[in-house]
Amino acid sequence: MLATRTGRRRAAALAATAALAALAAPSLAATPATATPPAAPAPADYDDTYYKDAAGKTGDDLKASLHTIISDQTKLSYDAVWDALKTTDQDPADSGSVILLYSGLSRSKSSNGGDSGDWNREHVWAKSHGDFGTATGPGTDLHHLRPEDVAVNAVRGNKDFDDGGSGFTDSGGSLTDADSFEPRDAVKGDVARMIFYMATRYEGGEGFADLEVNGSVDNGSNPYIGKVSVLKTWNDEDPPDAFEERRNQVIYDTYQHNRNPFVDHPEWVGAIW
Ligand SMILES: [Ca+2]
Ligand SMILES: [Ca+2]
């Protein structure tokens with residue numbers, strides 16, 4: 001009798017413990033998420049304001065109008081780019097990490113630097129194409145700067161963009177051959193729109209070269225990036241997504257106060273080139 005009563009008490013105590021654990025579990029799971037990225041507004045929000053002088057234009061007139069609009073910007077030092085990239089390229093699933101452009105890997109924000117396993121500041125418009133270096137200007141323009149693994153950045157080097165090639169360590173699906181680089185599918189359009197931004201933003205003023213797109217993959221140190229036909233196709237195949245739109249918004253709101261028109265209006269690529 002006593003043993004049975006003790007057994008019942010023990011069972012009741014176990015049940016109570018289980019019930020408490022069940023109650024405790026949701027509160028543990030409800031730890032607040034950190035740094036939810038702001039929603040990106042619809043591009044149309046800027047048509048009647050930011051882009052109003054470009055309305056109805058095409059070709060060289062549209063490019064000239066956009067050049068004037070986007071040249072009104074705040075400029076960063078190369079050192080300030082480190083912290084900016086930690087915000088613009090934050091991993092949506094991990095506020096302590098950034099997404100690496102070509103490899104698609106998520107890596108700790110604090111692993112920035114120049115050693116193996118670090119991420120550094122990739123110039124999507126290779127800085128030797130026009131020799132603008134890292135002085136404040138095109139070399140520090142966040143609209144074409146992205147976090148990338150040190151070794152992957154070296155694989156891309158200053159190659160032009162084109163289809164084809166082979167994979168490599170941490171390629172993430174990106175390819176390269178002797179004279180060109182092909183980003184992974186998810187960022188092909190991002191790369192194209194960064195290049196078209198640079199060709200529009202830099203027209204030979206402020207002491208820097210006039211950056212332009214062309215049909216070559218052997219541009220070397222000339223201020224050109226190819227191939228324009230492939231970049232146009234990539235712009236069509238990979239339209240802007242939430243990550244790219246948020247990035248454009250963060251640069252506009254927080255850092256440079258200018259926008260990449262081709263993220264807001266990808267169809268303007270075809271209207272100019
Ligand atoms: Ca994309
Ligand atoms: Ca240009």
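# Exercises on a predicted model with two calcium sites

Arg201 is buried, with a relative accessible area of 0%. The structure is a predicted model, and the exercises below begin from this arginine and move outward to the helices, the calcium ions and the loops.

## Exercise 1: the surroundings of Arg201

Place Arg201 in its secondary structure element, and list the residues that Arg201 contacts beyond its neighbours within four places in sequence.

Solution. Step one is the location: Arg201 belongs to helix α5. Step two is the list of partners, which, once neighbours within four places in sequence are set aside, consists of His67, Ile70, Ser71, Gln73, Lys75, Asp141 and Glu206. Step three takes up one of these partners, Glu206, which sits in the loop between α5 and β9 (212-213) and has a positive phi of about 60° although it is not a glycine. Because its relative accessibility is 44%, Glu206 counts as partly exposed, whereas Arg201 is buried.

## Exercise 2: the packing of α2 on α5

Determine how the axes of helix α2 and helix α5 are oriented to each other, and say which residues meet where these helices pack.

Solution. Begin with the geometry: helix α2, residues 59-70, packs with helix α5, residues 188-201, at an angle of about 85°, and their axes are 8 Å apart. Angles of 65 to 115 degrees count as roughly perpendicular, and α2 and α5 are therefore roughly perpendicular to each other. Next come the residues: α2 contributes Lys63, Leu66, His67 and Ile70, which meet Tyr197, Ala199, Thr200 and Arg201 of α5. Sorted by class, this contact of α2 with α5 has 4 nonpolar, 2 polar and 2 charged residues.

## Exercise 3: the site of ligand 2

Identify the donors of the calcium ion (ligand 2), and classify the geometry of its site from the angles among the donor atoms.

Solution. First, the donors are Ala199 (O), Tyr202 (O), Glu203 (OE), Asp210 (OD), Leu211 (O) and Glu212 (OE), which coordinate the calcium ion (ligand 2) at 2.2 to 2.5 Å. Second, their spacing along the sequence follows the pattern A-x2-Y-E-x6-D-L-E. Third, the ideal angles for six octahedral donors are 90 or 180 degrees. The angles among the 6 donor atoms of the calcium ion (ligand 2) run from 83 to 175°, and the site is octahedral. Finally, consider two of the donor residues: Asp210, at 33% relative accessibility, counts as partly exposed, while Leu211, at 1%, counts as buried. Ala199 also appears in the contact of α5 with α2, as well as among the donors of this ion.

## Exercise 4: the site of ligand 1

Name the protein donors of the calcium ion (ligand 1), and decide where in the chain Ala186 and Asp238 are placed.

Solution. The protein donors are Ala186 (O), Asp190 (OD) and two entries for Asp238 (OD), lying 2.3 to 2.6 Å from the calcium ion (ligand 1). Their residues are spaced A-x3-D-x47-D in sequence. The site links distant parts of the chain, since Ala186 is in the loop between β8 (180-182) and α5, and Asp238, 52 residues apart from Ala186, is in the loop between α6 (228-237) and α7 (242-255). As for accessibility, Ala186 is partly exposed, with a relative accessible area of 44%, whereas Asp238 is buried, with a relative accessible area of 12%.

## Exercise 5: backbone features in the loops

Find where the cis peptide bond that starts from Gly226 leads, and say in which loop His257 is placed.

Solution. The cis peptide bond runs from Gly226 to Lys227, with omega near -10°, and Lys227 lies in the loop between β10 (224-225) and α6. His257, in turn, is placed in the loop between α7 and α8 (261-264), and its phi is near 60°, a positive value in a residue other than glycine. With a relative accessible area of 37%, His257 is partly exposed.

## Exercise 6: the buried side of α3

State which residues of helix α3 are buried, and which elements these buried residues pack against.

Solution. In α3, which spans residues 78-88, the buried residues are Tyr78, Val81, Trp82, Ala84, Leu85, Lys86 and Thr88. These pack against the strands β1 (90-91), β2 (94-99), β4 (119-123) and β5 (145-149), and against helix α7. For the wider setting, the protein has 9 helices and 10 strands, and 47% of its 273 residues count as buried.

Note on methods: Residues are numbered from 1 along each chain as its sequence is written. Chains are lettered from A and ligands numbered from 1 in the order in which they are written. This is a predicted model: local features need pLDDT of at least 70, side-chain atom pairs count only at pLDDT 80 or more; totals for chains, interfaces and linings use all residues. Side-chain values use heavy atoms; hydrogens and water are left out. Donors are N, O and S atoms within 2.8 Å of the metal (3.2 Å for Na, K and Ca); water is not among the atoms, so sites may look incomplete. Four donors count as tetrahedral if all angles lie between 85 and 135 degrees; four count as square planar and six as octahedral if opposite donors are over 155 degrees apart and all others between 65 and 115; anything else is irregular. Buried means under 20% relative accessible area, exposed over 50%, partly exposed in between (1.4 Å probe, protein chains only). Axes are lines fitted to C-alpha atoms, for helices over the stretch in contact, and angles run from 0 to 180 degrees between N-to-C directions. Helices (H or I, at least four residues) and strands (E, at least two) are DSSP runs, numbered from the N terminus. Angles under 35 degrees count as roughly parallel, over 145 as roughly antiparallel, 65 to 115 as roughly perpendicular and the rest as oblique. Contact means heavy atoms within 4.5 Å. Ala, Val, Leu, Ile, Met, Phe, Trp, Tyr, Cys and Pro count as nonpolar, Asp, Glu, Lys and Arg as charged, and the others, Gly among them, as polar.
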